[in-house]
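Student: Could we go through this model together? I would like to hear the reasoning behind each label.

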Amino acid sequence: MARTLILDPSRQALAGRMSAARAQTDELFSILQPRALYERPIPERHRLIFYLGHLEAFDWNLIARRAFGIEPFHAAFDKLFAFGIDPIGGGLPDEPASDWPDAAAVRSYNQRVRAIVDECLAGGRAPLEGADLETTFHMAIEHRLMHAETLAYLFHQLPLDTKIPAAGAPVPVLAGAPRLREAPIPEGDATLGRSREEPGFGWDNEFEELRVRVPAFSIDSHKVTNGRFLDFMRDGGYERRDLWSDAAWEWKNREGVKHPQFWLERDGAWLYRGMFAETPLPLDAPVYASHAEASAFARWSGRALPTEPQFHRAAFGTPEGGEREYPWGSEAPSAKHGNFDLSRWDPTPIGAFPAGDSAFGVSELVGNGWEWTSSVFGPFPGFRPHPDYEGYSANFFDGEHFVQKGGSPRTAACMLRRSFRNWFQPHYRYVYAGFRTAGPQS
Ligand SMILES: [Fe+2]
């Protein structure tokens with residue numbers, strides 16, 4: 001007789017979220033022609049087949065093995081697919097595709113992992129004593145959704161004929177060009193991070209809460225567009241030594257970087273390399289660029305990238321002195337607030353979602369592209385690595401990564417929370433990340 005499982009509501013909600021997250025990553029893999037699975041679209045990263053196994057191996061190692069103590073059925077895959085690569089220094093990976101297992105074997109491993117993880121989620125297996133299941137399941141879900149984004153930008157770099165176009169939400173049409181200005185932000189407090197008493201899930205680097213006094217400053221009302229970045233390029237921005245740090249200049253010359261990664265020059269015209277098509281460069285959409293390129297632009301314009309506290313102040317502060325949960329208030333993120341939650345594959349024109357403006361009238365601080373800050377990624381006072389994922393953040397507290405805030409078209413809504421932080425190396429060009437500039441008030 002089949003056993004009837006009684007699910008408590010939070011377990012049921014987590015099971016629902018897990019299956020929605022799996023649907024997202026399954027859908028993502030379905031845009032690949034089968035041959036593309038063994039490609040390595042970004043030289044510093046694994047071949048794509050790794051990620052097909054990684055999502056399930058991560059769930060296996062975290063949930064089945066660590067929280068439930070279940071014996072492995074495929075220890076070799078659990079290990080092979082356990083960890084990705086952060087491209088720090090050293091040589092590039094160069095193993096042949098033939099080193100990797102057959103996709104069918106990986107898919108069958110995945111299926112079996114899912115069945116066991118589902119039993120764990122449904123209460124059909126007994127966890128080990130002391131297991132914090134709520135946190136474990138949240139970690140697995142957000143880990144998967146983060147990969148739904150990082151995989152999208154990996155797939156973005158593939159040749160177009162290796163992808164099967166998928167639909168996205170329509171691009172909103174603007175009544176007119178938005179008015180660009182430098183929004184004045186008065187002196188006030190910004191709350192970074194979150195308290196351990198606050199309900200809900202957070203990654204280790206989001207703790208503890210940190211209140212920071214931020215002096216008055218001004219910030220661009222909108223993200224820097226491809227059009228403005230083109231002005232920088234036409235003004236010789238990539239050739240002016242004074243705009244680049246020593247490390248950035250050396251990197252730019254060594255790699256031959258002459259324009260943003262998402263741009264393409266053909267017959268004297270600039271094109272945008274979209275997920276499924278090349279289009280004339282959308283001058284009114286945010287530029288996606290590396291931290292090094294963003295910093296050079298900021299210097300060229302006589303300004304700087306905002307710090308992490310400045311970003312918080314512009315996004316969540318209010319003229320009355322309080323702070324908001326989201327730039328627009330406390331309403332849960334929805335389609336009217338911005339271009340996020342995996343509803344589109346590419347950026348939309350700036351200013352298309354006025355309902356998402358912050359209390360200071362600053363546009364799109366969440367969605368349509370992460371935003372680089374000038375803040376080096378580091379722990380807040382009281383930081384403790386999570387014992388189930390020790391290296392999640394701590395491996396990157398090396399002074400070589402910068403904080404990004406906000407979110408991109410491919411960022412799931414749950415990670416748009418105020419305390420969420422993203423981080424990358426300054427020369428990494430593939431992320432859906434742009435920027436805006438900040439400076440003194442005029
Ligand atoms: Fe991962």
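Student: Why is His54 called buried or exposed?

Tutor: Happy to start there! Buried means under 20% relative accessible area, exposed over 50%, and partly exposed in between, using a 1.4 Å probe and protein chains only. His54 has a relative accessible area of 4%, so His54 is buried. Keep in mind that this is a predicted model, where local features need pLDDT of at least 70, side-chain atom pairs count only at pLDDT 80 or more, and totals for chains, interfaces and linings use all residues. Residues are numbered from 1 along each chain as its sequence is written, and side-chain values use heavy atoms, with hydrogens and water left out.

Student: What makes His54, His143 and His147 donors of the iron ion?

Tutor: Donors are N, O and S atoms within 2.8 Å of the metal (3.2 Å for Na, K and Ca); water is not among the atoms, so sites may look incomplete. The NE2 atoms of these three histidines coordinate the iron ion at 2.1 to 2.2 Å. His54 lies in helix 2 and His147 in helix 5, so the pair ties together parts that are 93 residues apart in sequence. Helices here are DSSP runs of H or I with at least four residues, numbered from the N terminus.

Student: How do you know that a polar contact joins the side chains of Asn226 and Trp263?

Tutor: A polar contact is a pair of N or O atoms within 3.5 Å; within protein, one must be able to donate a hydrogen and the other to accept it, and residues adjacent in sequence count only if both atoms are side-chain atoms. For Asn226 and Trp263 the distance is 3.0 Å. Asn226 is also buried, because its relative accessibility is 2%.

Methods
Helices (H or I, at least four residues) and strands (E, at least two) are DSSP runs, numbered from the N terminus.
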